[in-house]
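Grab a pencil and get ready to look around a protein model. Try each exercise yourself before you read the solution beneath it.

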Amino acid sequence: MTAPTMTAPQLALARNAAEAALAVLPTSRALVAADPVVPDAGTVIEGQAITARFTGAASGEVVVVVGQDLADALRESPLGELDLTAAVRPALEAAARVFGPVVLDPGQLMEPEVALSALATKEGAVAVPLRDEVAVRAVVGLALSQWPGDDQGALNVSQRSTPARAAGGGRGGLDMLHDVEMEVSAELGRTRMSVRELLSLTPGAIVELDRAAGSPADLLVNGRLIARGEVVVVDENFGIRITEIVSPGVE
C-alpha cells in the first residue's frame with residue numbers, strides 16, 4: 001500500500017472521517033483505523049462497497065467497503081433481507097460530516113474493486129483501512145474536490161483516540177445487526193382506487209379502508225409484517241401497543 005501525497009493535517013482529517021464512520025459501522029470484530037493509503041488493489045477486500053457523493057461545506061465522494069459477513073448477515077436476517085445501503089448509510093454520513101454540514105446522495109451499491117478503482121482516478125483520493133489484529137476487514141475511501149489547506153484543516157483535526165468498540169470475541173450473525181437502524185411503520189389498512197377517484201379527492205373526503213373499526217394495525221419493518229397491535233396515544237403522539245407477534249412466513 002502506498003502513502004498518499006497529502007499534508008499531515010489532511011491525512012489526519014481523513015483518518016478522523018474514517019474513525020467517525022467506524023463508530024457507527026456494524027462490524028463483527030473490534031477494528032481500528034490504520035494509516036491512510038492510496039486506493040489501489042491492495043485495499044480491496046471481499047465484500048460489498050457503498051459509494052455516495054456529498055455537497056455542502058465540502059464536495060466529494062465517500063466509499064465504505066464492508067466485509068462479506070455483514071452482507072450475509074443482512075441477507076439472512078430473520079426480519080427478511082435488509083438493505084445494505086441503508087445499514088451503512090450512517091457510516092457514510094458520519095464520514096462526510098467531518099468536513100462540515102453536507103448533503104449526501106442516496107448512495108449506490110458496487111463491487112469493492114470497481115468502487116475503489118473509480119475513486120482512485122480522482123485527485124486527492126485516499127483510503128483508510130479498518131483492521132483488527134489479523135487483517136483489513138473494512139475500508140473507508142474519500143475524495144474531495146478540494147481538501148482543506150493546512151490552516152483550515154488544522155481547525156478541524158483533533159488528535160483523538162479511535163472510538164471504543166466492544167472487546168472480546170467477534171460478533172456474528174444477528175448479533176452483528178443489533179445497532180442497525182431500520183424503518184418501522186404502522187399500517188391501518190389499504191384500499192384500491194381508480195385514477196378518476198384519486199383525482200377527485202378533496203379536503204374533507206373520506207377514504208374507506210379494508211379494516212373494520214377496532215381491528216389491529218400492522219407493524220412493518222422495512223415493509224415486512226412483524227407484529228399487530230392496538231393504536232394508542234402516547235404524549236399526544238400515536239403509538240402501537242403490541243398484541244401479536246407474527247411468525248416469519250405467516251402474514
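Below are six exercises on this predicted model, each with a worked solution.

**Exercise 1: The overall picture**

Work out how many helices and strands the protein has, and what share of its residues count as buried.

Solution. Start with the secondary structure: it comes to six helices and 11 strands. Next, turn to burial. The protein has 251 residues, and 40% of them count as buried. Finally, take the contacts with a sequence separation of 6 or more: 65% of them are between residues 24 or more positions apart.

**Exercise 2: Two helices in contact**

Find out how helix 2 and helix 3 are oriented towards each other, and which residues make the contact.

Solution. First locate the pair: helix 2 covers residues 68-75 and helix 3 covers residues 84-97. Their axes are 10 Å apart, and the packing angle is about 130°. Now classify that angle. Angles from 65 to 115 degrees count as roughly perpendicular and those over 145 as roughly antiparallel, so helix 2 is oblique to helix 3. Then list who takes part. Helix 2 brings Leu70, Ala71 and Leu74, while helix 3 brings Leu84, Ala87 and Val88. Sorted by class, that gives six nonpolar residues, with no polar and no charged ones.

**Exercise 3: A sheet of four strands**

Put the strands of the sheet that contains strand 8 in order, and name the strands at its edges.

Solution. The order is 8-9-10-11, in an open sheet with antiparallel pairing. Look for strands that pair on one side only: these are strand 8 (184-187) and strand 11 (237-245), the edge strands. On average, neighbouring strands here are turned by 40° against each other, if you ignore direction. Now zoom in on one edge. Strand 8 is joined to strand 9 (residues 217-221) by four bridges, and the two run antiparallel. For a concrete partner, take valine 184: its bridge partner in strand 9 is valine 221.

**Exercise 4: Strand 6 and its partners**

Which strands pair with strand 6, and over how many bridges?

Solution. Begin with strand 6 itself, residues 126-131: five of its six residues are buried, so it's mostly covered. One partner is strand 1 (residues 32-33), which pairs with strand 6 over two bridges in the antiparallel sense. In that pairing, valine 32 stands opposite arginine 131. Another partner is strand 7 (residues 136-144), again antiparallel, over six bridges. There, leucine 130 stands opposite alanine 138. Strands 6 and 7 also form a hairpin, with four residues between them.

**Exercise 5: A closer look at arginine 131**

Is arginine 131 buried, partly exposed or exposed, and what does it touch?

Solution. You've already met this residue in strand 6. Its relative accessibility is 31%, so arginine 131 counts as partly exposed. Next come the neighbours. Leaving out residues up to four places away in sequence, arginine 131 touches Ala30, Leu31, Val32, Ala34, Val136 and Arg137. Check one of these against the sequence: alanine 30 is 101 residues away from arginine 131, yet their C-alpha atoms are 8.2 Å apart. Last, follow the side chain: one of its polar atoms lies 3.5 Å from the backbone oxygen of valine 134.

**Exercise 6: Four residues in loops**

Decide for threonine 43, alanine 23, aspartate 235 and glutamate 236 whether each is buried, partly exposed or exposed.

Solution. You'll need the cut-offs: under 20% relative accessible area is buried, over 50% is exposed, and in between is partly exposed.

- Threonine 43 sits in the loop between strand 1 and strand 2 (47-56). At 2% it is buried. Its side chain reaches the backbone oxygen of aspartate 40 at 2.7 Å.
- Alanine 23 sits in the loop between helix 1 (8-22) and strand 1. At 43% it is partly exposed. Alanine 95 is 72 residues away in sequence, with a C-alpha to C-alpha distance of 9.9 Å.
- Aspartate 235 belongs to the loop between strand 10 (224-234) and strand 11. At 72% it is exposed. Aspartate 235 also has a positive phi of about 50°, although it isn't a glycine.
- Glutamate 236 lies in the loop between strand 10 and strand 11. At 78% it is exposed. Its phi is positive too, near 70°, and glutamate 236 is not a glycine either.

Notes: Residues are numbered from 1 along each chain as its sequence is written. This is a predicted model: local features need pLDDT of at least 70, side-chain atom pairs count only at pLDDT 80 or more; totals for chains, interfaces and linings use all residues. Side-chain values use heavy atoms; hydrogens and water are left out. Axes are lines fitted to C-alpha atoms, for helices over the stretch in contact, and angles run from 0 to 180 degrees between N-to-C directions. Angles under 35 degrees count as roughly parallel, over 145 as roughly antiparallel, 65 to 115 as roughly perpendicular and the rest as oblique. Contact means heavy atoms within 4.5 Å. Ala, Val, Leu, Ile, Met, Phe, Trp, Tyr, Cys and Pro count as nonpolar, Asp, Glu, Lys and Arg as charged, and the others, Gly among them, as polar. Two strands pair if DSSP finds at least two bridges between them. Buried means under 20% relative accessible area, exposed over 50%, partly exposed in between (1.4 Å probe, protein chains only). A polar contact is a pair of N or O atoms within 3.5 Å; within protein, one must be able to donate a hydrogen and the other to accept it, and residues adjacent in sequence count only if both atoms are side-chain atoms.
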